[in-house]
Amino acid sequence: MRRYIKYIVVLILLVAPYTIKAQDIPQVWDLKTAIEYAKEKNISINTLKLNSQTAEQNLIASKAAVLPNLSGNVSQAITNYKSGLQNTSGFGLSSDMTLYNGSYLKNDIKAKELSLQTANLSVEAAKNDITISITQAYLNILLARENITYLKDLLTTSEAQVKQSEQQYKFGTIAKKDLLQLQATYANDKYTLVTAQNTLQQNILTLKQLLQLPTAAPFEVSTTDTVAVAPVLDNLASAQDQALRTRPEIKSGELNIQLQTTELAKAKSTLRPTLSLGGSLNTGYNNNNIGGYGYQLNNSFYQNLGLTLSIPIFDRKVTKTNVAKANIGIEQARLSLLDAKTTLTQNVERAYINVQNANSQYAAAQEQFNYTSEALRISNAALKEGTNNIVENLQQKNLYVQALQAFVQAKYTASLYTKIYNFYTGVPITN
């Protein structure tokens, strides 16, 4: 039983650093809070951070490889000869260090430094990806919430119209079919509102999953967040140039070329001789020798210092193969960088086109929404006064609903695409 308790305690200690505590989870979320939380708590990002820590330890080990080592040894042996038992003891210290190995150690340190920088850039790239995903999910929540606000107002109007029509039907001023049409429209408005509320819940669930929050965690989006469609800061050429100079995936590709070039230098260094310095201190005791224990340890004490030159002659083409593979790695790194640059410039161009189209659609949708809102207001007033028929009012209402949905969608789409486009140029999403 104690053994199982011990295992449970160890497991808790291992898992504890990655466990999300209730007090660490905000109650109300705005966009900045969501992005910062994801950067700190996201599992994939934290995994990449651990990879970066591993790369850092590899660098520490690589730098330590140029230092001399030191080891001690103690031996005790009993040997049975025909003449009897022989008892021997030995004590020693030994050390060696590499003086020259064709700059292999120097290039290995450089390679580990580049690997660490690349690992850190992978973390930054992952943060950029999660930032875009969370921004889109968050704006979808705001979109659904604003859509619900408009639909509630619409439902209130429909309810008032139904109550008024019921009174008119009692007095015989409208036909039964007109009342049924209004009641059907009222029911449809309720259905539309419920659908919008379900969409909001689904969008909230999407964001919670991106944030990797527990199912039972309370979640409320800030009511103070507003969306403004900001103008584009840079033209396309300037934005592409800025992205190529600042994005982590491009920097990582450039470092990868340097890394592969360093690996080539490491591979070539094994063709050169290796010079190392070694030394040792040793002493011992043998019960068959003359003198006591202390005398023999003092008398047998000796020191050794020497140089060793190792010259590669034939290594079964290992070095030649490694050099060829390193050259291939350089070409692959160059192609990867070219692909990353092409993909990035295409993404920036796509974002630029999206911003232009979204802003144009937003302007048109806003104008259409203003017109249909005013037209519906006039139609509702005329219906209330009895100067407009129900069919025309329902047609106007359908136009309004279509314009409403187009307007809200266009507003948040324009905001999202603008944020994404500016983000490529280094402007923070939450600005």
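Biologist: Among contacts in the protein chain between residues at least 6 apart in sequence, what share joins residues at least 24 apart?

Modeller: Happy to start there, and please keep in mind that this is a predicted model. The contacts in question are those between residues at least 6 apart in sequence. Of these, the share that joins residues at least 24 apart is 80%.

Biologist: How many helices and strands does the protein chain have, and what is its radius of gyration?

Modeller: The secondary structure comes to 10 helices and six strands. For 431 residues the globule rule gives 22 Å, and the chain is well over that value, so it is more spread out than a compact globule. Along the principal axes, its C-alpha atoms fill a box of roughly 135 × 65 × 35 Å. The radius of gyration itself is 38 Å.

Biologist: What percentage of the residues in the protein chain is buried?

Modeller: A residue counts as buried when its relative accessible area is under 20%. Taken over the 431 residues of the protein chain, the buried part is 35%.

Biologist: Which element gives the most residues to the largest nonpolar core?

Modeller: This core has 69 residues, and those touching the most other members are Trp-29, Ile-134, Leu-207, Leu-211, Leu-213, Phe-219 and Val-348. Elements that give two or more residues to the core include α2 (31-41), α5 (176-211), α9 (318-385) and α10 (390-424). Another on that list is α4 (104-170). With 16 residues, the element that gives the most is α4.

Biologist: Leaving aside neighbours within four places in sequence, which residues is Leu-211 in contact with?

Modeller: Leu-211 is a good one to look at, as it is among the core residues that touch the most other members. Two of its partners, Trp-29 and Ile-134, are on that list too. With sequence neighbours within four places left aside, the full set is Trp-29, Ala-34, Tyr-37, Ala-38, Ile-134 and Phe-219.

Biologist: At what angle do α2 and α3 pack, and what is that arrangement called?

Modeller: The axes of α2 and helix α3 (residues 43-64) are 6 Å apart, and the angle is about 45°. Angles that are neither under 35 degrees, nor over 145, nor from 65 to 115 count as oblique. That makes α2, relative to α3, oblique.

Biologist: How many charged residues are there in the contact of α2 with α3?

Modeller: From α2 come Ala-38, Lys-39, Glu-40 and Lys-41, which meet Ile-43, Ile-45, Asn-46 and Lys-49 of α3. By class, three residues in this contact are nonpolar and one is polar. The number of charged residues is four.

Biologist: And α6 with α7: how many nonpolar residues does that contact have?

Modeller: These two helices pack at about 50°, with their axes 5 Å apart, and that makes α6 oblique to α7. Ala-243, Leu-244, Arg-245 and Thr-246 of α6 meet Pro-248, Ile-250 and Lys-251 of α7. One polar and two charged residues take part, and the nonpolar ones number four.

Biologist: Is Gln-396 buried or exposed?

Modeller: Gln-396 lies in helix α10. Leaving aside neighbours within four places in sequence, it is in contact with Thr-372, Ala-375, Leu-376 and Ser-379. Its relative accessible area is 18%, and the cut-off for burial is under 20%. Gln-396 is therefore buried.

Biologist: How many Å apart in space are Tyr-417 and Gln-136, C-alpha to C-alpha?

Modeller: Tyr-417 is found in helix α10 and is partly exposed, with a relative accessible area of 28%. Beyond neighbours within four places in sequence, Tyr-417 is in contact with Asn-354, Val-355 and Ala-358. Along the sequence, Tyr-417 and Gln-136 are 281 residues apart, while in space their C-alpha atoms are separated by 9.3 Å.

Biologist: Which residues does Tyr-104 touch, not counting those up to four places away in sequence?

Modeller: Tyr-104 is in helix α4 and is partly exposed at 30% relative accessible area. Not counting residues up to four places away, those it touches are Lys-266, Ser-269 and Thr-270.

Biologist: In which loop do Arg-316 and Lys-317 lie?

Modeller: Arg-316 has a phi near 60°, and Lys-317 has a phi of about 65°, a positive value although it is not a glycine. Arg-316 is exposed, with a relative accessible area of 69%, and Lys-317 counts as exposed at 52%. Their place is in the loop between β6 and α9.

Notes
Residues are numbered from 1 along each chain as its sequence is written. This is a predicted model: local features need pLDDT of at least 70, side-chain atom pairs count only at pLDDT 80 or more; totals for chains, interfaces and linings use all residues. Side-chain values use heavy atoms; hydrogens and water are left out. A nonpolar core is a set of buried Ala, Val, Leu, Ile, Met, Phe, Trp, Tyr and Cys residues joined through side-chain atoms within 4.5 Å. Buried means under 20% relative accessible area, exposed over 50%, partly exposed in between (1.4 Å probe, protein chains only). Helices (H or I, at least four residues) and strands (E, at least two) are DSSP runs, numbered from the N terminus. Contact means heavy atoms within 4.5 Å. Axes are lines fitted to C-alpha atoms, for helices over the stretch in contact, and angles run from 0 to 180 degrees between N-to-C directions. Ala, Val, Leu, Ile, Met, Phe, Trp, Tyr, Cys and Pro count as nonpolar, Asp, Glu, Lys and Arg as charged, and the others, Gly among them, as polar. The radius of gyration is taken over C-alpha atoms; the globule rule is 2.2 Å times the number of residues to the power 0.38.
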